[in-house]
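Here is a short report for a reader meeting this structure for the first time. Have the chain in view while reading.

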Amino acid sequence: MNVLVVDDYREIAEIVSDLLVLRGIKTLIACNGEEALLFMEKHPGIQVVITDVEMPTMNGIELVEKLNRGNNKNLKILAMSGEPKYQSYFNAHGINFYPKPFDLDLMSKLINEVMGYVKKTNDYE
């Protein structure tokens, strides 16, 4: 697996996932941070996590903090939310933030960032 998409709105996760799959990227979808951590344990080949922020059980900020504490040094994390108030937190931690709802240009930028990172890490393997 290359990319884990984490969002409690299944439709949004599926749109992001489908766009990646169309470009040859393997994806998994988790509905919250706790499920995402389980997927990370079961699928150590995940290279990128795209996470929503506001989710039940474990939100995106908690997920990012747990991922950063783990053995995930080469993991690329991208955040997305309909609440722009989170942008400064993620930017301060070196994580690109994408506001929702996405327009086509922003979605293309997110997909291209993922594609570039996956290609770069695959070239070094």
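Ser-17 counts as buried, because its relative accessibility is 6% and the cut-off for buried is under 20%. The model behind this value is predicted. Ser-17 lies in helix H1. Beyond its neighbours within four places in sequence, Ser-17 is in contact with Val-5, Thr-27 and Ile-29.

Ser-17 has company in H1: Ala-13, Val-16 and Leu-20 are buried as well. These buried residues sit on the same side of H1, because they cover an arc of only 95° around the axis. H1 itself runs over residues 10-21, twelve in number. From first C-alpha to last, H1 reaches 16 Å, close to the 16 Å expected at 1.5 Å a residue.

**Strands S1 and S2**

H1 is also part of a connection. The chain passes from S1 through H1 to S2, and this β-α-β crossover is right-handed. S1 and S2 run parallel and are joined by four bridges. Val-6 has Ala-30 in S2 as its bridge partner. Within S2, Thr-27 and Ile-29 point one way, while Leu-28 and Ala-30 point the other way. All four are buried.

**The nonpolar cores**

The largest nonpolar core has 24 residues. Leu-4, Val-6, Val-49 and Phe-90 touch the most other members. Two or more residues come from each of strand S1 (3-6), strand S2 (27-30), helix H2 (33-42), helix H3 (60-69), strand S4 (76-81) and helix H4 (87-92). H3 gives the largest share, four residues. Another core lies apart from this one; it has 19 residues, including Ile-29, Tyr-98, Met-107 and Val-114.

Take Leu-4 as an example. Residues up to four places away in sequence aside, its contacts include Leu-28, Phe-39, Met-40, Val-48 and Ile-50.

**Helix H3**

In H3, the buried residues are Gly-60, Ile-61, Leu-63, Val-64 and Leu-67. They lie on the same side of H3, because their arc around the axis is only 160°. What do these residues pack against? Their partners are S1, H2, strand S3 (48-52), S4 and H4.

**Met-80**

Met-80 lies in strand S4. Is Met-80 buried or exposed? It counts as buried, because its relative accessibility is 0%. Its C-alpha is separated by 6.4 Å from that of Val-53, though the two residues are 27 apart along the chain. Leaving out residues up to four places away in sequence, Met-80 touches, among others, Val-5, Ile-12, Thr-51, Tyr-98 and Phe-102.

The table sets out the accessibility values.

| Residue | Relative accessibility | Class |
|---|---|---|
| Ser-17 | 6% | buried |
| Met-80 | 0% | buried |
| Thr-57 | 53% | exposed |

**Two backbone details**

Most residues other than glycine have a negative phi, and most peptide bonds are trans. Two places here call for a look.

Thr-57 is found in the loop between S3 and H3. Its phi is near 75°, a positive value in a residue other than glycine. Thr-57 is exposed, because its relative accessible area of 53% passes the cut-off of over 50%.

The other place is the bond between Lys-100 and Pro-101, a cis peptide bond with omega about 0°. Pro-101 has its place in the loop between strand S5 (96-99) and helix H5 (104-123). Lys-100 is also one of the residues that Met-80 touches.

How values were computed
Residues numbered from 1 in each chain as written. Predicted model: local features only at pLDDT ≥ 70, side-chain atom pairs only at ≥ 80, totals over all residues. Heavy atoms only, no water. Expected span 1.5 Å × (residues − 1). Buried < 20%, exposed > 50% of the residue type's maximum accessible area, 1.4 Å probe, protein only. Arc of directions from axis to C-beta. Core = buried A, V, L, I, M, F, W, Y, C linked by side-chain atoms within 4.5 Å. Contact = heavy atoms within 4.5 Å. Pairing = 2+ DSSP bridges. Right-handed = clockwise from strand over helix to strand, strands pointing away.
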